[in-house]
Amino acid sequence: MADTQKSATLTIGDDSYDLPIYSPTAGPDVLDIRKLYGQAGVFTYDPGFTSTASCDSTITYIDGGQGVLLHRGYPIDQLAEKSHYLEVCYLLLYGVLPTAAQLEEFETTITLHTMLHEQMQNFFRGFRRDAHPMAIMVGVVGAMSAFYHDSTDISDEHQREIASHRLIAKMPTIAAWAYKYSIGQPFVYPRNDLDYASNFLRMCFAVPAEDYEVNPILSRAMDRIFTLHADHEQNASTSTVRLASSSGANPFACIAAGIACLWGPAHGGANQACLEMLKEIGSVDRIPEFIARAKDKDDPFRLMGFGHRVYKNFDPRATVMKQSADEVLELLGVENNPVLQVAKELEKQALEDPYFAEKKLFPNVDFYSGIILEAMGFPTSMFTPIFALSRTVGWISQWKEMIADPQNKIGRPRQLYLGETSRDYVDIEKR
Ligand code: CMC
């Protein structure tokens, strides 16, 4: 915990309470209210955690006003351009950029863990054919706790390390197999001579009858998508992982909880929802109608891929993603893709509209990612699983940080109770 030299005074009636203030290395000061209930007998009220720091962390920093995202201090645009996903994984997990030897060792370790226990195929086959791949991922990742007993003891640092490596390594295999199962194709086993992104593409698109030649530019674009989604500090799914693991639950169960949270359309599910929305709009002349709907308080419709709890200027991931969309579509010879045209025009018209400017709503990471993924051949149902596999390293890094923190205690929020007070039970015949 940071040192404090400042404090704030809270006055309730005739009583005053001193609350320590911590200054972070970057970002706003933080008021420590941990002793408030014990001293003053009051709770704080912050649904949605809009003003609450749930933990201290050294992993990721976001300055939403400036559109800055740093992993261990390194800006996301530099990492997206100069680094690659497994190096970023190392950085997030261990706090430093690896030397060449450390990176080689890490890549080898991850590569050697990519296969799934053969009996896990039975889990996939237990799902209905039309199951959403996210449903399969939640189930299969949770089920890993039944297969990898030697990495579920969270008090053992070595077991935590093995669980981390297994999750990063096996998640592409799980996501690819969830896809293969949903389209009725045989599972494709990982290949150790391929890099992380190429391996994933091949497991998704190869069939026994015909191998898949990995295009290095597409593999690079895939890797960049993984990198851009790798971590995002205390977002909903990461906080879910932290809360689940605060009870001492095993890492596979906790990551399954994170996947479940990510699925929602306000979070990772937005990439699927965004592409579906762009297709529903269909042509640029229908954009004003959808912008009007997004502004209408009586219409629940929102522009998917727009807005963010933290970014109030621009989402730096969206900038890289837009550039990537242009590159990939040009490579594939589909630069006149009608969905891309609708997306670009929608972005332009929304940014010129006072409603979006006043509420500081900008395209987020999900606005352009679906266009790239679809151009690569992925169905919309695979967009969120790809987000989940990318974010796994972020969840694990935050989980590891939390378990190693001596201040770690079970997460247990309080409430503002507005229900009935005590009343006597009424027998059923008298109601
Ligand atoms: N379209 C239209 N209006 C919007 C939108 C939008 N996409 N987003 C926010 N608003 C309005 C909202 O109606 C509210 O207006 P008012 O103040 O008049 O009530 C105001 O902006 C603030 O919205 P909020 O819901 O209080 O803000 P939040 O911080 O709780 O929500 C958000 C953030 C991302 C959930 C929200 O912007 C949203 O639903 N966006 C669409 C879904 C989306 O793209 N999600 C992906 C987020 S980035 C990747 C990830 O996290 O996984």
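# A tour from the whole chain to Asp-366

Begin with the charges: the protein chain has 39 positive and 55 negative ones, and their mean positions are 4 Å apart. Keep in mind that this is a predicted model.

**Stop 1: the whole chain.** Show the protein chain as a cartoon. You will find 18 helices and 6 strands. Turn to the C-alpha atoms next. Along the principal axes, they fill a box of roughly 75 × 65 × 55 Å. The radius of gyration is 23 Å, which agrees with the value near 22 Å for a compact globule of 431 residues.

**Stop 2: surface and interior.** Switch on the surface. The protein chain exposes about 21300 Å², and carbon and sulfur atoms supply 52% of that area. Now look inside. Of the 431 residues, 46% count as buried. Which residues meet there? Take the contacts with a separation of 6 or more: 69% of them join residues 24 or more positions apart.

**Stop 3: helix H17.** Select residues 366–376. This is helix H17, and Asp-366 lies in it.

**Stop 4: Asp-366.** Zoom in on this side chain. Is Asp-366 buried or exposed? Asp-366 is buried, yet it has no salt bridge. Select Arg-317 too. Arg-317 is the nearest side chain of opposite charge, 6.6 Å away from Asp-366. A salt bridge would need a side-chain nitrogen of Lys or Arg within 4 Å of a carboxyl oxygen of Asp or Glu.

**Stop 5: the surroundings.** What is Asp-366 in contact with, leaving aside its neighbours within four places in sequence? Select His-229, His-267, Ala-270 and Asn-271, then add Cys-274, Gly-305 and Phe-387. These residues are in contact with Asp-366.

How values were computed
Residues numbered from 1 in each chain as written. Predicted model: local features only at pLDDT ≥ 70, side-chain atom pairs only at ≥ 80, totals over all residues. Heavy atoms only, no water. Helix = DSSP H or I, 4+ residues; strand = E, 2+ residues; numbered from the N terminus. Rg over C-alpha atoms; globule rule 2.2 N^0.38 Å. Buried < 20%, exposed > 50% of the residue type's maximum accessible area, 1.4 Å probe, protein only. Contact = heavy atoms within 4.5 Å. Areas by Shrake-Rupley, 256 points an atom, 1.4 Å probe, with all protein chains shown as cover. Lys, Arg positive; Asp, Glu negative; His and termini not counted. Charge placed at Lys NZ, Arg CZ, Asp CG, Glu CD.
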